[in-house]
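Hi,

Here is the structure I promised to pass on. Have a look at it first, and my notes follow underneath.

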Amino acid sequence: MRRLLLLVAATAAALAATAGTALSQDAKMSFFVTSAGPGKGGDLGGLKGADAHCASLADATGVAGKTWHAYLSTSTEDARDRIGKGPWFNAKGEKIADDVASLHSDANGITKQTALTEKGETVNGRGDTPNRHDMLTGSKPDGTKIADQTCSDWTMSGAEGAAMMGHHDRAGLDDSAAAKSWNSSHASRGGCGQEALKGTGGDGLFYCFATD
C-alpha cells in the first residue's frame, strides 16, 4: 500500500509540474503560424473568418483569454495595424519582436525554427517535402496593403486573383531581399485556389498575432 501511495503521489507531482509548464507557455504565446488553413486557398471567409480560424486553433491548444488577429492586409486595411503593439512570443516562449517597428525590421526573430505553429511544431520550408513556406499576407514589406494581391480581400478561391505571400523560413530561389522576406516575397501564380498555392510552395497558411 505504501508503495502504491508513493507512486500515486509521484505521478500527481509530475502531472502538476507538466501542467505548470504548459500553463506558462500558453500564457505567453502570442504569435503562431496556422498549422492548417481552412482548406479553400485564399478564401478565408474574409478577415472575420481568418481571425476566427486563429482563435479556434489557439483555443484548441488551451490558450484562452486573448484576442487573435490574422496578419493579413485587405483593400482597406493594413496588416501591421491589426496585430496590437507587441511584444510577441511563440509557443516556446521565444520572442519574435518587441513591437510593430521591430517586427518590420531586420531585428525580428522570425525564422523556420521560431515561426512555430500553435502546437509548437515547425512548418516545412524550402527543401522539405512538401514545401509549405508561403504565408498569405497581402502585404508589402512594411506591412501595408498591396493592391490586387489579397484574393479579393480573402474571399476568393479558384483560378482568378492573386495573393502576396512571405517565406516563414526566410529562404527562396536566390539571396534577394524578397526571397528572404517573411511577409512579402512573391505573389501566387495560377489564382487563389488551394492547388495554386501549393504549386508555389504554400498551403494556405498564415500568421496569427494576439492583439492584447
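A good place to start is strand 5 (residues 134-136), which runs parallel to strand 8 and is joined to strand 8 by three bridges. Within that pairing, Met135 sits opposite Leu205 of strand 8. Bear in mind throughout that this is a predicted model.

Strand 8 has other partners too. Strand 1 (residues 31-33) pairs with strand 8 in the antiparallel sense, over three bridges, and there Val33 faces Tyr207. Strand 2 is also antiparallel to strand 8, again with three bridges; Ala70 has Cys208 as its bridge partner. How many of the residues of strand 8 are buried? Nine of its nine, so to speak: strand 8 is mostly covered.Stepping back to the whole chain, the secondary structure comes to five helices and eight strands. Going along the sequence, these follow the pattern α-β-α-β-β-β-α-β-α-β-β-α-β. Buried residues make up 46% of the 212 residues. Among contacts in the chain with a separation of 6 or more, 67% are between residues 24 or more positions apart. The accessible surface is about 10,000 Å², and carbon and sulfur atoms account for 54% of that surface.

Next, the inside. The largest nonpolar core has 23 residues, and those touching the most other members are Phe32, Trp68, Leu72, Leu136, Trp154 and Phe206. Helix 2 (46-60), strand 2 (68-70), helix 4 (151-154) and strand 8 (202-210) each supply at least two residues of this core. Which of the elements gives the most? Helix 2 does, with five residues. Another core, of 18 residues, lies apart from this one and includes Ile83, Trp88, Ala97 and Trp182.

Phe32 is worth clicking on. Leaving out residues up to four places away in sequence, Phe32 touches Cys54, Leu57, Ala58, Trp68, Leu116, Thr117, Glu118, Phe206, Tyr207 and Cys208.

As for helix 2, its length checks out: at 1.5 Å a residue, its 15 residues should span 21 Å, and the end C-alpha atoms are 21 Å apart, which agrees. The buried residues of helix 2 are Gly46, Leu47, Ala50, Asp51, His53, Cys54, Leu57 and Ala58. Strand 1, strand 2, helix 4 and strand 8 are among the elements that cover them. After helix 2 comes Gly62, with a positive phi near 95 degrees.

Last, the disulfides: a search of the whole structure finds two. One joins Cys54 to Cys208, with an S to S distance of 2.0 Å. The link is left-handed, at -75 degrees about the S-S bond. It ties together distant parts of the chain, since Cys54 is in helix 2 and Cys208 is in strand 8, 154 residues apart. Cys54 counts as buried because its relative accessibility is 0%, and Cys208 is buried with a relative accessible area of 0%.

The other disulfide is formed by Cys151 and Cys192, whose sulfur atoms are 2.1 Å apart. With -100 degrees about the S-S bond, this link is left-handed. Cys151 belongs to helix 4, while Cys192 is in the loop between strand 7 (186-187) and helix 5 (194-199), 41 residues along the chain. Cys151 is buried, at a relative accessible area of 1%, and Cys192 counts as buried at 0%. With the bonded cysteines numbered in sequence order, the pairing reads 1-4, 2-3.

Cheers

Conventions
Residues are numbered from 1 along each chain as its sequence is written. This is a predicted model: local features need pLDDT of at least 70, side-chain atom pairs count only at pLDDT 80 or more; totals for chains, interfaces and linings use all residues. Side-chain values use heavy atoms; hydrogens and water are left out. A nonpolar core is a set of buried Ala, Val, Leu, Ile, Met, Phe, Trp, Tyr and Cys residues joined through side-chain atoms within 4.5 Å. Buried means under 20% relative accessible area, exposed over 50%, partly exposed in between (1.4 Å probe, protein chains only). Helices (H or I, at least four residues) and strands (E, at least two) are DSSP runs, numbered from the N terminus. Contact means heavy atoms within 4.5 Å. Two strands pair if DSSP finds at least two bridges between them. Accessible areas come from the Shrake-Rupley method with a 1.4 Å probe; for residues, only the protein chains shown count as cover. The expected span of a helix is 1.5 Å times one less than its number of residues. A disulfide is a pair of cysteine sulfur atoms within 2.5 Å.
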